Amino acid sequence: MKNLSKWGTYSEEIKRILSETPEVQPMEVVNKLNLDLDSYERQQLSKHIKRNLSHYLDNYEGIYSATDSLDIDNTTVKHMWIKNKEASLFVKNPNFISENTKVKTEEIDFLSIFKGKIEPIFIKKKMTYNDALFDRVVISDIHIGMDVNKDGYSLYSGKWDEDEINDRLDILANEIIDKKKSDTLLIHELGDYLDGWDGYTTRGGHKLPQNMDNQKAFDVGFQFKIKLIDALFLHYTKIHIANICNDNHAGAFGYVVNSAFKTYIELKYPDNIEVINQRKFIDHYTIGNKCFILTHGKDDKSMKFGFKPKLDPVQIEKIKDYIDEYKLHGYDIEFCKGDSHQFLFDLTSSATFGYYNFPAFSPPSDWVKTNFKNTLSGFVMFNYYDKQKTIHPYVFDKQK
């Protein structure tokens, strides 16, 4: 490559960074170079990279164009022949992700890792509340690892790092305890728990701005749920947890974290905690005359368009077909989903079930803030009685 102005010294390193993460922004490349530059020089280098992007990506842009034109995930193509009137070229794809690098959940035996290293805790006596049949809290779309202001130039500022996540965790635990009306708690976590793997969604091919590597995201996600249960176990005799592991962001990575959590927490509290890691796109759970049908709203591989925030006739029929298949007609049914990051409950469009959209626990991404607005986030707590329920939505302060 020719020397490109005074920044030519760094051309090979710039080219390497762009080849590894081709959708990275110029200022992010400057940050990754870690050079001793003042603010003006950083801006100049960023402009230089932007002006000469075609030079730095000349070895790869044909690959992106070819795979995009065929609607193929760029990371699944190891190599290709490019043939036209001018040339016949064999090209290796630097963005190919081998199956060997993907998450292999079946190879991780967490029981052998934790067994014998965790001292079980047996609860002897607690205060009992008999007002409600059970309590329930629903959280969704925590997106651990998401960077909401990657280059510092987002339309709205804000952050979503480990400190912010733990601050909201404290609020969540305290709200659950404050609104407690029963000895039994259901925790329903509706997916997109982590933002992605190696900077991509579970489907691959879509680069995401993230502020944690896989290891850090695992640690934060694993500890989040352990801290939550440690804060709650003295207040409840039984805690039943359902984690959705079939979604469009976390996918297999979400299952790995939740599998480790299930093994650890059930060993630690053998008489009090039950964890179900839901791998089906839609599944259901019953308690008394209540039935909760849970889904993230969009799956890990097939659905281009998920369940919409507002019901339409096609969605109503799809949900009714599920209810018919599993003979759930005698229950008071709540169909519960995340994904759309909206707090919207519809109790009237269907006489068979209620349709519940739950808000994201995380703040909105930069993409959402730019294309829509700086949306609200939160979670919802419920107390269920024989013929009624109380609903306690919590909305986090909007990030400034």
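I count a charge as sitting over a ring if NZ of Lys or CZ of Arg is within 6 Å of the ring centre and within 35 degrees of the ring normal. With that in hand I went through this predicted model.

**Charges over rings**

I looked up Arg-279 first. Arg-279 lies over the face of Tyr-255, 4.4 Å from the ring centre. I then turned to Lys-225. Its partner is Tyr-193, and the distance to the ring centre is 4.2 Å.

**Helix H8**

Lys-225 is also among the buried residues of H8, so I checked that helix next. H8 runs over residues 214–232 and has 19 residues. At 1.5 Å a residue it should span 27 Å, and its end C-alpha atoms are 28 Å apart, which agrees.

Which residues of H8 are buried? I listed Asn-214, Ala-217, Val-220, Gly-221, Phe-222, Phe-224, Lys-225, Ile-226, Leu-228, Ile-229 and Leu-232. I kept the helix geometry in mind here: an α-helix has 3.6 residues a turn, so residues three or four places apart point the same way.

**Largest cavity**

I found 3 cavities of 30 Å³ or more. The largest holds about 50 Å³ of space. Which element gives the largest share of its lining? H8 does, with 4 residues. H8 and S5 each supply at least two lining residues.

I wrote down the whole lining: Ile-139, Ile-187, Phe-224, Lys-225, Leu-228, Ile-229, Ile-241, Asn-243 and Phe-261. By class I get 7 nonpolar, 1 polar and 1 charged. Lys-225 thus turns up in this lining as well as over the ring of Tyr-193.

**Second largest pocket**

I put its volume at about 170 Å³. Its lining consists of Leu-186, His-188, His-240, Ile-241, Ala-242, Glu-274, Ile-276, Tyr-285, Thr-286 and Ile-287. I sorted these into 6 nonpolar, 3 polar and 1 charged. Four strands each give at least two lining residues: S4 (184–189), S5 (238–244), S6 (273–278) and S7 (282–287). Ile-241 lines this pocket and also the largest cavity.

**Aromatic pairs**

How many aromatic pairs does the structure hold? I count 25. I took two of them in detail.

The rings of Phe-134 and Phe-292 have their centres 6.2 Å apart and their planes at 90°, so I log the pair as edge-to-face. Phe-134 is in strand S3 (residues 134–139) and Phe-292 in strand S8 (residues 290–295). The two are 158 residues apart, and the pair links distant parts of the chain. Both are buried.

The rings of Phe-379 and Tyr-394 have their centres 5.3 Å apart and their planes at 15°, so I log this pair as stacked. Phe-379 lies in strand S12 (residues 378–384) and Tyr-394 in strand S13 (residues 389–395), so the pair ties together parts 15 residues apart in sequence. Phe-379 is buried at 1% relative accessible area. Tyr-394 is partly exposed at 25%.

I also traced a cluster. Ring pairs link Phe-134, Phe-292, Phe-343, Phe-345, Tyr-356, Phe-358, Phe-382 and Tyr-384.

**Positive phi**

I checked two residues other than glycine. Asp-192 has phi near 50°. It is found in the loop between S4 and H8. Asp-192 is buried, with a relative accessible area of 1%.

Asp-339 has phi near 70°. I place Asp-339 in the loop between strand S9 (332–337) and strand S10 (344–346). Is Asp-339 buried or exposed? At 17% relative accessibility, Asp-339 counts as buried, because the cut-off is under 20%.

Terms used:
Residues are numbered from 1 along each chain as its sequence is written. This is a predicted model: local features need pLDDT of at least 70, side-chain atom pairs count only at pLDDT 80 or more; totals for chains, interfaces and linings use all residues. Side-chain values use heavy atoms; hydrogens and water are left out. On a 1 Å grid over the protein atoms alone, a cavity is a set of points where a 1.4 Å probe fits but cannot get out, and a pocket is an open set with protein on both sides within 12 Å along at least five of seven lines; lining residues have an atom within 4 Å of a point. Grid points are joined across faces, edges and corners, and a volume is the space filled by probe spheres set on the points. Ala, Val, Leu, Ile, Met, Phe, Trp, Tyr, Cys and Pro count as nonpolar, Asp, Glu, Lys and Arg as charged, and the others, Gly among them, as polar. Rings of Phe, Tyr and Trp (its six-membered ring) pair if their centres lie within 6.5 Å; planes under 30 degrees apart count as stacked, over 60 as edge-to-face and the rest as tilted. Buried means under 20% relative accessible area, exposed over 50%, partly exposed in between (1.4 Å probe, protein chains only). The expected span of a helix is 1.5 Å times one less than its number of residues.
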